[in-house]
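Welcome, and please bring up your viewer with the whole chain in cartoon. We will begin with one helix, then step back for the full view.

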Amino acid sequence: MSKHFQVLIIGGGNAGISVAAKLLLKKEDLLVGIIEPSDKHYYQPAWTLVGGGTFNLQKTVRAEASVIPKGALWIKDAAKTFEPENNQVTCACGTVYTYDYLVVAPGIQLDWHKVKGLKETLGKNGVCSNYAFDQASYTYECIKNIQQGETAIFTSPSTPVKCGGAPQKIMYLAADYFKRKGLLNDVSVSFVSGGGMIFGVKKYADALLKLVSSYNINLNFKYDLIEIDGEKKLATFKLMESEGGKTVIMPFNMIHVTPPQSAPDFIKESKLANAAGWIDVNKNTLQHTQYANIFALGDATNTPNAKTGAAIRKQAPVLVANLLALINGSKVLPAQYNGYGSCPLVAGYGKLILAEFDYSNTPVETFPFNQAKPRWSMWLLKKYVLPWMYWNKILKGTA
Ligand SMILES: Cc1cc2nc3c(=O)[nH]c(=O)nc-3n(C[C@H](O)[C@H](O)[C@H](O)COP(=O)(O)OP(=O)(O)OC[C@H]3O[C@@H](n4cnc5c(N)ncnc54)[C@H](O)[C@@H]3O)c2cc1C
């Protein structure tokens, strides 16, 4: 097997596969290698619907081999260290690969261990999370088990997370479930977030606050979950230091946890990272700020957009255009990413607010109607159209 590639890609997730497919569509003789340790590829956005009991978990996973584009070579290993001066990547098993150009897309790291007691109790005692394939189904069990007089808590950490809306989407599904069962007035539903507001774009924040009030949800901001005692069903939260740093213990019957997240450790420890650990790229061209032959996209970069697959759909063509321009000897990178991100905010069963916005948090909507209004048509988009597009268009490089 070749140890040198014209383009070497780290990560065969949403971003890595989209870029590989697009590159090979434009230049089929390119020698492309993809370093990816997992033999499974996941469609993570549907885990919210799995947690709400309205999507088949098995439809969110396929064999990694089935999504590797024709013409690319899959290296089933994990990248471990980078030597950007020598155009070299060393993998966990010790093999060294070299490249002309590198695309880095290893996603975000879930730091379950940063909440004391969480790993031990996740998946039992009413402690659930849609942030892992093998956990999402248990969320629905927890929702179904809630009885009159009980408490459901939904958390969101103060760190960046993938899909900033996901911690609350599952809450609206749960609240709608309780409502349909006639339980909503007798169940306490709380959102406890390390952030300072419900959503960063005012238009959608206003719509969400109306929703919160219609479901009687209690809002608590600037609190991070720091400990869970599953057996006693107690969650400990800490107020931001800037607000006094006090701790509060809340009892729960179910708690949906969004874990703290950060750049993958091997990125943090590398020369590719900025001070906060993220891959340091130009937010418009996606080229590394120090190494001209390195590009990055997806959840692991420092670009200040919402970390979503929707963002990757707009980043991938920009990265590919700029990389190909560089390969063809151009001194100018022709394409610019404007920070587009989207969040299909599930507002209940059959209702969805489609938030779309750019770096300046200005709405950039696709449809000729007010997307802040919860709609059935947008629910159909999330449940049927987007999963189809993902497997058939996005991963094939044609969307
Ligand atoms: C519950 C939930 C709901 C979401 N909802 C939405 C939504 O509604 N809309 C939306 O657009 N997005 C949503 N997302 C976010 C979306 O799934 C991510 O933004 C997207 O998958 C990021 O793509 P990525 O390629 O950067 O990372 P990933 O798709 O996570 O892929 C990263 C890949 O890198 C690999 N990797 C890790 N370490 C290494 C290494 N050392 N060497 C090589 N490879 C490595 C991993 O195995 C993985 O295959 C949601 C996510 C979750 C969890």
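What covers the buried residues of α9? Select residues 309–327 to highlight this helix, keeping in mind that you are looking at a predicted model. Now add its surroundings: the cover includes the helices α1 (14–26) and α10 (376–394), along with the strands β8 (96–104), β19 (294–296) and β20 (341–348).

Next, show side chains on the helix itself. At its start, G309, A310, A311, I312 and R313 are among the buried residues of α9. Further along, Q315, A316, V318, L319, V320, N322 and L323 are buried too.

Stay with Q315 for a moment. α9 has a kink of about 30° there, and the proline P317 comes shortly after it. End to end, the 19 residues of α9 reach 26 Å from first C-alpha to last, close to the 27 Å expected at 1.5 Å a residue. Then click on G329, which follows α9 and has a positive phi, near 90°.

Time to zoom out. Colour by secondary structure, and the protein chain shows 10 helices and 21 strands. Its radius of gyration is 21 Å, close to the 21 Å that the globule rule gives for 399 residues, so the chain is as compact as a globular protein of that length. Rotate to the principal axes, where the C-alpha trace spans about 65 × 45 × 40 Å.

Finally, colour by burial: 47% of the 399 residues count as buried. If you draw the contacts with a separation of 6 or more, 66% of them join residues 24 or more positions apart.

Note on methods:
Residues numbered from 1 in each chain as written. Predicted model: local features only at pLDDT ≥ 70, side-chain atom pairs only at ≥ 80, totals over all residues. Helix = DSSP H or I, 4+ residues; strand = E, 2+ residues; numbered from the N terminus. Rg over C-alpha atoms; globule rule 2.2 N^0.38 Å. Buried ≥ 20, exposed ≤ 12 C-beta atoms within 10 Å, placed from the backbone. Contact = placed C-beta atoms within 7 Å. Expected span 1.5 Å × (residues − 1). Bend = angle between axes of the 7 residues up to and from the residue.
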